[in-house]
Every structure is written in structure tokens, then in C-alpha cells.
Amino acid sequence: MRKLIMTAAAAAVLASGPAAFAAVKHTTGTIKSFDGTAMSLVLDNGATFTLPQTFKDPGLKVGEKVRVTWDMSGKDKIAEAVKIVK
């Protein structure tokens, strides 16, 4: 019985592996540049994000602190949400 439980637990951990790598990430930083036409956002730490066509600008300005929720698409970081942090 113990062997069956350990096997089931190991299978559950292995099955959840790909989901863990696909998890959405969060980055906080200060805006270095924002281009609403090119749909790009660069933070002071060098992180560059592509914004989706559906992005609604909450009033982003250079020098403002933001929290970016993002995920990878190939080699690009795609911002899913950008929130101004006070």
C-alpha cells in the first residue's frame, strides 16, 4: 500500500511540472521607456516587455513604478497586465 501511495504522489508531482514552468510571473520596477505605438515597455532593470494589442494604458509615464504581470512567448516577455504601484 505504501508503495502505491508513493508512486501516486510521484506521478502527481511529475504531472504538475510543466504547469509550474508555465506560471505567470511578476516584475516590479520603474519605467525607463514606454511606447504605446510600438506596444513596448522597458523597465530600469533592463526588462523589456511587449504589450498586447488589447492593452489599455492606465496612464503610464517614464519614472513611474509599476508591477508587470507577464509570461513568455518564445523569446519575448508578453505583459498581461501593468499596474501602477504607489
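Is T27 buried or exposed? Keep that one in mind; it comes back in Exercise 2.

This is a predicted model, where local features need pLDDT of at least 70, side-chain atom pairs count only at pLDDT 80 or more, and totals for chains, interfaces and linings use all residues. Residues are numbered from 1 along each chain as its sequence is written, and side-chain values use heavy atoms, with hydrogens and water left out.

**Exercise 1. Work out how the strands are paired.**

Step 1: list the elements. The chain has 1 helix and 5 strands, in the order α-β-β-β-β-β along the sequence. Helices (H or I, at least four residues) and strands (E, at least two) are DSSP runs, numbered from the N terminus.

Step 2: take the β1 to β3 stretch. Two strands pair if DSSP finds at least two bridges between them. Strand β1 (residues 25-35) runs antiparallel to strand β2 (residues 40-43), with 4 bridges, and S33 sits opposite V42 of β2. Then β2 pairs with β3 (residues 48-50), again in the antiparallel sense, over 3 bridges. Here V42 has T48 as its bridge partner in β3.

Step 3: add the other two strands. β1 also pairs with β4, antiparallel over 6 bridges, and G29 has V66 of β4 as its bridge partner. β4 and β5 run antiparallel and are joined by 8 bridges, with V66 opposite I84 of β5.

Step 4: check the turns. The β2-β3 hairpin has 4 residues between its strands, and G46 in the turn has a positive phi of about 95 degrees. In the β4-β5 hairpin there are 2 residues between the strands, and G74 in the turn has a positive phi of about 70 degrees.

**Exercise 2. Describe the surroundings of T27 and T69.**

Step 1: place T27. T27 lies in strand β1 and is buried because its relative accessible area is 15%. The cut-offs are under 20% relative accessible area for buried, over 50% for exposed, and in between for partly exposed (1.4 Å probe, protein chains only).

Step 2: find what T27 meets. Its side chain makes a polar contact of 2.8 Å with that of W70. A polar contact is a pair of N or O atoms within 3.5 Å; within protein, one must be able to donate a hydrogen and the other to accept it, and residues adjacent in sequence count only if both atoms are side-chain atoms. Leaving aside neighbours within four places in sequence, T27 is in contact (heavy atoms within 4.5 Å) with L43, N45, F49, V66, R67, V68 and W70.

Step 3: do T69 likewise. T69 is in strand β4 (residues 65-73), and its 18% relative accessibility is why T69 counts as buried. A 3.2 Å polar contact joins the side chains of T69 and H26. Not counting residues up to four places away in sequence, T69 touches several others, including V24, K25, I78 and A81.

**Exercise 3. Locate the nonpolar core.**

Step 1: size it up. The largest nonpolar core has 14 residues, and L41, L43, F49, L51, V66, V68 and V82 have the most contacts inside it. Such a core is a set of buried Ala, Val, Leu, Ile, Met, Phe, Trp, Tyr and Cys residues joined through side-chain atoms within 4.5 Å.

Step 2: ask who supplies it. β2, β4 and β5 (76-84) each give at least two residues to this core, and β4 gives the most, with 3.

Step 3: zoom in on L43. Among its contacts beyond four places in sequence are T27, G29, F49, V66 and V68.

**Exercise 4. Track down the salt bridge.**

Step 1: count. The whole structure has 1 salt bridge, meaning a side-chain nitrogen of Lys or Arg within 4 Å of a carboxyl oxygen of Asp or Glu.

Step 2: name the pair. D71 bridges to K25, with the closest N and O atoms 3.9 Å apart. The two are 46 residues apart, D71 in β4 and K25 in β1. At 29% relative accessibility, K25 counts as partly exposed.

**Exercise 5. Explain what stands out about M39.**

Step 1: find it. M39 is in the loop between β1 and β2, which form a hairpin with 4 residues between them.

Step 2: look at the backbone. M39 has a phi near 55 degrees, a positive value in a residue other than glycine. Most residues other than glycine have a negative phi.

Step 3: check exposure. M39 counts as buried because its relative accessibility is 12%.
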